[in-house]
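Here is a set of questions and answers on one protein model. Please look at the sequence and the structure before reading on.

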Amino acid sequence: MRLPVWAEVELPNRITVEPDAIVTRIPARLISAIEDTEYSAVPTRRKHRPARPSHSSPAAPAGRWSVQHLPAPAGRRGRRVIHHESCWIPTSDADLTLDQALRELTRPGSEPCTTCDARHLPTS
């Protein structure tokens with residue numbers, strides 16, 4: 001599902017907002033009809049059966065990666081979460097290559113994001 005949202009855009013001399021779209025997956029059990037809306041033209045069956053998922057873990061996708069530094073209580077080590085450039089969570093630019101992201105994962109306190117394609121990165 002594509003959800004239109006307004007996103008803040010920083011230009012050289014001002015900040016403005018522009019329409020943007022985020023893609024999200026929503027389980028069918030959480031969707032309900034809107035009263036007085038006609039749905040007869042909405043397809044209810046897929047045209048083709050989806051491919052079966054592979055039993056092996058998927059390969060890490062191509063693209064850029066980022067590291068999110070999460071603070072920790074005093075005396076404890078902070079966490080570092082690795083994100084794919086398509087993730088909606090990170091707060092920094094995706095400026096790492098796949099090799100650099102994999103190296104970051106070997107550092108203590110590092111983990112892949114569980115909501116984006118970083119979950120497919122090998123952790124060992």
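The questions below deal with a predicted model and move from salt bridges to a helix, a loop and a surface patch.

Q: How many salt bridges does a search of the whole structure find?
A: A pair counts when a side-chain nitrogen of Lys or Arg is within 4 Å of a carboxyl oxygen of Asp or Glu. Searched as a whole, the structure yields three.

Q: Which residue meets Arg79 in a salt bridge, and at what distance?
A: Arg79 lies in strand S4 and its partner in strand S5, so the pair ties together parts 32 residues apart in sequence. Arg79 is partly exposed at 40% relative accessibility. The partner is partly exposed too, at 30%. It is Glu111, with N to O at 3.0 Å.

Q: Which residues are joined into one network by salt bridges that share partners?
A: Arg80 and Glu104 meet in a salt bridge, 1.7 Å from N to O. That pair links strand S4 to helix H1 across 24 residues. Glu104 also forms a salt bridge with Arg107, the closest N and O atoms being 3.3 Å apart. The shared partner gives one network of Arg80, Glu104 and Arg107.

Q: Is Arg107 buried or partly exposed?
A: Buried means under 20% relative accessible area, and exposed means over 50%. Arg80 has 10%, so Arg80 is buried. Glu104 is buried as well, at 16%. Arg107 has 43%, so the class for Arg107 is partly exposed.

Q: Why do the buried residues of H1 line one face of the helix?
A: Helix H1 covers residues 98-105, and Ala101, Glu104 and Leu105 are buried there. Seen down the axis, these buried residues fall within a limited arc, so they line one face; that arc is 100 degrees.

Q: Which residues are exposed on the other side of H1?
A: The buried residues of H1 have cover that includes S3, strand S4 (79-84) and S5. The other side of the helix carries exposed residues: Asp99 and Arg103.

Q: Which backbone oxygen lies 2.8 Å from a polar atom of the side chain of Ser110?
A: Ser110 is found in strand S5 (residues 110-112). With 16% relative accessibility, Ser110 counts as buried. Leaving out residues up to four places away in sequence, Ser110 touches Arg80, Glu104 and Leu105. The oxygen at 2.8 Å belongs to Glu104.

Q: How far apart in space are Arg64 and Leu96, C-alpha to C-alpha?
A: Arg64 is found in the loop between strand S2 (15-23) and strand S3 (65-70). Residues touched by Arg64 include Ala94, Asp95, Leu96 and Thr97. Arg64 and Leu96 are 32 residues apart in sequence, yet their C-alpha atoms are separated by 5.5 Å.

Q: Which backbone oxygen does the side chain of Arg64 reach?
A: Arg64 counts as partly exposed, with 34% relative accessibility. Among the residues that Arg64 touches are His83, His84 and Glu85. At 2.9 Å, the side chain of Arg64 reaches the backbone oxygen of Asp95.

Q: What accessible area do Ile34, Tyr39 and Val42 have together?
A: Ile34 lies in the loop between S2 and S3. At 57% relative accessibility, Ile34 counts as exposed. Ile34, Tyr39 and Val42 form a nonpolar patch on the surface, with a joint accessible area of about 290 Å².

How values were computed
Residues numbered from 1 in each chain as written. Predicted model: local features only at pLDDT ≥ 70, side-chain atom pairs only at ≥ 80, totals over all residues. Heavy atoms only, no water. Helix = DSSP H or I, 4+ residues; strand = E, 2+ residues; numbered from the N terminus. Buried < 20%, exposed > 50% of the residue type's maximum accessible area, 1.4 Å probe, protein only. Polar contact = N/O pair within 3.5 Å; in protein donor to acceptor, adjacent residues only side chain to side chain. Contact = heavy atoms within 4.5 Å. Arc of directions from axis to C-beta. Patch = residues over 30% accessible without salt bridge, like charges linked within 9 Å, V, L, I, M, F, W, Y side chains within 5 Å. Areas by Shrake-Rupley, 256 points an atom, 1.4 Å probe, with all protein chains shown as cover.
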